[in-house]
Amino acid sequence: MSFNEDFVFGGATAAYQIEGAAAADGRGLSIWDVFSHTPGRTVNGDSGDVAIDHYHRYKDDVAIMASLGLEAYRFSVSWPRIQPDGRGRGLEAGLDFYSRLTDELLTAGIDPWITLYHWDLPQALQEAGGWPNRDTAYRFADYSAIVHEHLGDRVKHWITLNEPFCSSLIGHASGRHAPGLEDPSAALQSVHHLLLGHGLAVDALRAQNVENIGITLNLYAVEPASDEPVDTDAARRVDGFHNRLFLDPVLKGRYPQDILHDVAEFGGMGDVQDGDLKIISRPLDLLGVNYYTRYVITGRDDHPDLVGERTGQLHSPYPGAANAREVRHGMPLTDLGWEIDPDGLVDVLTRLKREYPAVPIVITENGAAFADPIGEDGVVHDADRIDFVWGHLAACERAIAAGVPLTGYFLWSIFDNYEWAEGYAKRFGAVHVDYETQVRTLKDSAHWYSSVIRTRSLEQQ
């Protein structure tokens, strides 16, 4: 199996997970700063205050990426580092950091890909209503224009939002992510305003002649645990919330009717105004897909193979579908308890080709958490991660052979980092980070991935 010369191999990170320097150079508070400092919200009370100190160590980190042969690096911009209060002129110190990072990447021969929003809403905007407030969508478009004005001469690939499912439904319905609300109506309003913000940002960037714009969605293969109506209906709802609630408005200009019916009791999608869906469905140049696992869903509370914490917990991310629960289907597990199922990636990608308008697709995140102990020889022998990535890159090859317009793969993540509510307890990186000393050590998977990039092949690896 091999990949053609145009296929992009990259790595991905997010600002709050790696930068640290939480109070440096005028950066404002984000909702994740507040959430992570609220007792009981994160494992061990961990926060991203220091993370892996990428803000000060970015040159060394770029050198590591260059040594691995990365062709592209997807990173996010911290909104409160640019606009501490979420509005007004851009902060020069923040813009200058991303300018230096961009120049360092280009000098190393690495193509910078920017994600404008990876969950770190300025706390000032949260206090003004957050994503349930329509005005936040307009503030996001303004911020996007500011970032592009300063970096657009060098950065060619722009992603508006990362995983709006998490920002809206996990952050506002289940409460497991910032801002930690459990309000189904607010969650659904957030879905619409995030997507509206995406469309408004596309317009703002197009006005500045951007040619490569996309959005990243976390998509899942979803299937019922049985043919019983209680399971098929639960799976339909989970598929609706995870996949169609975002794909349909972005690519088809409409919300799925069955989900609108399901959420009518919560006020539907909130204040959907004339013209909103036309804005949301502006043409895109790429669709980012983050894929981690498959969901097999039941609506039964007494299913013998229920997964306790992954879906359908007491505080459900699925308004009106709290009975929907994930069940095990016999696959090996990551350290987060996520089942490893590369076939699900093929299912997701071929479904996109079959059911949605054609748009180039990029895997903007794929990876796995494993325990990753350092061996007696001082090396992390993470064979499980190598197997995981091999299996999913092989799935990419199968999807390409089936006619899917897949053009790139970004490993999540290049570095161990702050894993949101899991704190520092879970490691996704191909590069080990000692959080006390900040020493970076390449794991076996980093060397393996470097070989894949160099040879453009999964054979003989």
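## Exercises on helix packing and sheets

In this predicted model, Pro164, Ser167, Ser168, Leu169, His172 and Ala173 of helix H8 meet Pro184, Ala186, Ala187, Ser190, Val191, Leu194 and Leu195 of helix H9.

**Exercise 1.** Sort the residues in the contact of H8 with H9 by class. Then find how the two helices run relative to each other.

*Solution.*
- Step 1. The contact holds 9 nonpolar and 4 polar residues, and no charged ones.
- Step 2. H8 spans residues 164–174 and H9 spans residues 184–206. Their axes lie 8 Å apart, at an angle of about 160°.
- Step 3. Angles over 145 degrees count as roughly antiparallel. H8 and H9 are therefore roughly antiparallel.
- Step 4. The handedness of the H8 and H9 crossing is right-handed.

**Exercise 2.** Repeat the analysis for H3 and H5.

*Solution.*
- Step 1. Helix H3 covers residues 54–68, and helix H5 covers residues 92–107. The axes come within 10 Å and cross at roughly 15°.
- Step 2. Angles under 35 degrees count as roughly parallel, so H3 is roughly parallel to H5.
- Step 3. The crossing of H3 with H5 is right-handed.
- Step 4. From H3, the contact uses His54, Tyr55, Tyr58, Lys59, Val62 and Met65. From H5, it uses Ala93, Phe97, Arg100, Leu101, Glu104 and Leu105.
- Step 5. By class, these are 8 nonpolar, 1 polar and 3 charged residues.

**Exercise 3.** Trace the barrel, and place H8 and H10 against its strands.

*Solution.*
- Step 1. Follow the order S1-S2-S3-S4-S5-S7-S10-S11: these 8 strands close into a barrel with parallel pairing. From one strand to the next, the twist averages 25°.
- Step 2. Check S1 against S11. Strand S1 (residues 8–12) pairs with strand S11 (residues 406–412) in the parallel sense, over 5 bridges. Ala12 has Trp412 in S11 as its bridge partner.
- Step 3. Add H8. This helix lies across S3 (111–117), S4 (157–162) and S5 (212–218), at about 40° to S5.
- Step 4. Add H10 (residues 229–252). H10 touches S5 and S7 (286–290), and its direction makes about 160° with that of S5.

**Exercise 4.** Which strands stand at the edges of the sheet S6-S8-S9?

*Solution.*
- Step 1. This sheet is open, has 3 strands and shows mixed pairing.
- Step 2. S6 (221–224) and S9 (325–326) are the edge strands. Each has a single partner strand, so one side of each lacks a neighbour in the sheet.
- Step 3. S8 (residues 294–298) and S9 run antiparallel, joined by 2 bridges. Thr298 has Arg325 in S9 as its bridge partner.

Note on methods
Residues are numbered from 1 along each chain as its sequence is written. This is a predicted model: local features need pLDDT of at least 70, side-chain atom pairs count only at pLDDT 80 or more; totals for chains, interfaces and linings use all residues. Side-chain values use heavy atoms; hydrogens and water are left out. Two strands pair if DSSP finds at least two bridges between them. Helices (H or I, at least four residues) and strands (E, at least two) are DSSP runs, numbered from the N terminus. Axes are lines fitted to C-alpha atoms, for helices over the stretch in contact, and angles run from 0 to 180 degrees between N-to-C directions. Angles under 35 degrees count as roughly parallel, over 145 as roughly antiparallel, 65 to 115 as roughly perpendicular and the rest as oblique. A crossing is left-handed if the near helix is turned anticlockwise from the far one by less than a right angle, and right-handed if clockwise. Contact means heavy atoms within 4.5 Å. Ala, Val, Leu, Ile, Met, Phe, Trp, Tyr, Cys and Pro count as nonpolar, Asp, Glu, Lys and Arg as charged, and the others, Gly among them, as polar.
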